[in-house]
Amino acid sequence: ITLDEHRLAAWERHAAVINRLRPLLARFAVSGRDAPNPLTARFMLLHTLSHMLMRQFEAEGGYPAASLTEIIYCSNAPKPMAGILIYTAASDSEGTLGGLVSLGEPAALGRHLQAALASAGLCSADPLCAEHHPWRDGVTLHGAACHACLFAPETSCERGNKYLDRAVLVDTVTAAGAAFFGRGR
């Protein structure tokens with residue numbers, strides 16, 4: 001799955017996006033943790049979208065959470081990239097490549113994307129999840145994300161459930177304006 005480069009570049013320059021992610025990026029800078037180099041709003045968006053889609057494929061496609069894995073393709077230069085690959089990590093009876101490929105067909109993918117985005121707006125742990133700010137507790141490297149909405153099993157996430165924030169995808173109960181798929185975008 002790839003995102004439109006022109007729309008993504010315009011979203012990255014939006015003041016609400018910069019303001020939303022500035023504290024998280026500052027927290028990352030002092031954490032000493034391993035992360036994409038450099039950590040950007042683009043990466044946060046792609047990583048969060050990947051987790052939302054993996055959760056959707058798990059719910060609708062019957063794939064156990066640990067059987068799906070992600071790869072994030074993200075770069076601003078020299079050639080911009082903005083894509084994700086979700087694939088089956090296990091080659092047993094938990095699912096087949098053909099089944100996952102069928103979920104990615106344009107008509108099916110559109111339906112799954114809409115369902116994933118609809119569920120992203122409200123977490124069962126809200127408002128606590130949506131109010132999470134890494135700069136307040138100084139321990140985590142994620143925004144609005146938790147086990148109820150975005151976290152994936154360790155084997156499924158290439159970044160250990162860090163650098164996630166539902167508010168970069170959709171408006172949440174406590175944040176509006178920074179969402180790539182927000183109103184008016």
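In this predicted model, the side chain of E70 makes a polar contact of 2.7 Å with the side chain of S50. A second polar contact, of 3.3 Å, joins E70 to the side chain of H51. E70 itself sits in strand 1, which covers residues 68–75. Although E70 is buried, it has no salt bridge, and the nearest side chain of opposite charge, that of R159, is 7.4 Å away. A salt bridge would require a side-chain nitrogen within 4 Å of a carboxyl oxygen, so the distance of 7.4 Å explains why this pair is not counted as one. Leaving aside the neighbours within four places in sequence, the residues in contact with E70 include H47, M54, L85, Y87, S156, C157 and E158, as well as the two polar partners S50 and H51.

Two of these contacts of E70, L85 and Y87, also belong to a feature of the surface. Together with Y73 and M81, they form a nonpolar patch with about 330 Å² of accessible area in total. Strand 2, residues 81–88, supplies the largest share of the patch, namely three residues. Y87 is placed in this strand. With a relative accessibility of 31%, Y87 counts as partly exposed, because that class lies between 20% and 50%.

Charged side chains do pair up elsewhere, and a search of the whole structure finds four salt bridges. In one of them, E5 and R42 meet with an N to O distance of 2.8 Å. This pair links distant parts of the chain, as E5 belongs to helix 1 (residues 5–13) and R42 to helix 3 (residues 41–61), 37 residues apart. R42 also meets E12 in a salt bridge, at 2.9 Å from N to O. Since R42 lies in helix 3 and E12 in helix 1, this second pair ties together parts of the chain that are 30 residues apart in sequence. The three side chains are not equally covered: R42 is buried at 2% relative accessibility, E12 is buried at 16%, and E5 is partly exposed at 26%.

Another salt bridge joins R20 and D165, whose closest N and O atoms are 2.8 Å apart. Here R20 comes from helix 2 (residues 15–31) and D165 from the segment after helix 6 (134–137), so the pair ties together parts that are 145 residues apart in sequence. Both R20 and D165 are buried. As for E5, E12 and R42, salt bridges that share partners join them into one network.

The backbone holds a few details worth a look as well. Most residues other than glycine have a negative phi, and most peptide bonds are trans. Against that background, the peptide bond from D126 to P127 is cis, with omega near 10°. P127 lies in the loop between helix 5 (106–120) and helix 6. N161 is not a glycine, yet has a positive phi of about 60°. Y163, another residue other than glycine, has a positive phi near 65°. N161 is found in the segment after helix 6, and Y163 lies in that segment too. Both fall below the 20% cut-off and therefore count as buried, N161 with a relative accessible area of 11% and Y163 at 0%.

Notes. Residues numbered from 1 in each chain as written. Predicted model: local features only at pLDDT ≥ 70, side-chain atom pairs only at ≥ 80, totals over all residues. Heavy atoms only, no water. Patch = residues over 30% accessible without salt bridge, like charges linked within 9 Å, V, L, I, M, F, W, Y side chains within 5 Å. Areas by Shrake-Rupley, 256 points an atom, 1.4 Å probe, with all protein chains shown as cover. Helix = DSSP H or I, 4+ residues; strand = E, 2+ residues; numbered from the N terminus. Buried < 20%, exposed > 50% of the residue type's maximum accessible area, 1.4 Å probe, protein only. Lys, Arg positive; Asp, Glu negative; His and termini not counted. Polar contact = N/O pair within 3.5 Å; in protein donor to acceptor, adjacent residues only side chain to side chain. Contact = heavy atoms within 4.5 Å.
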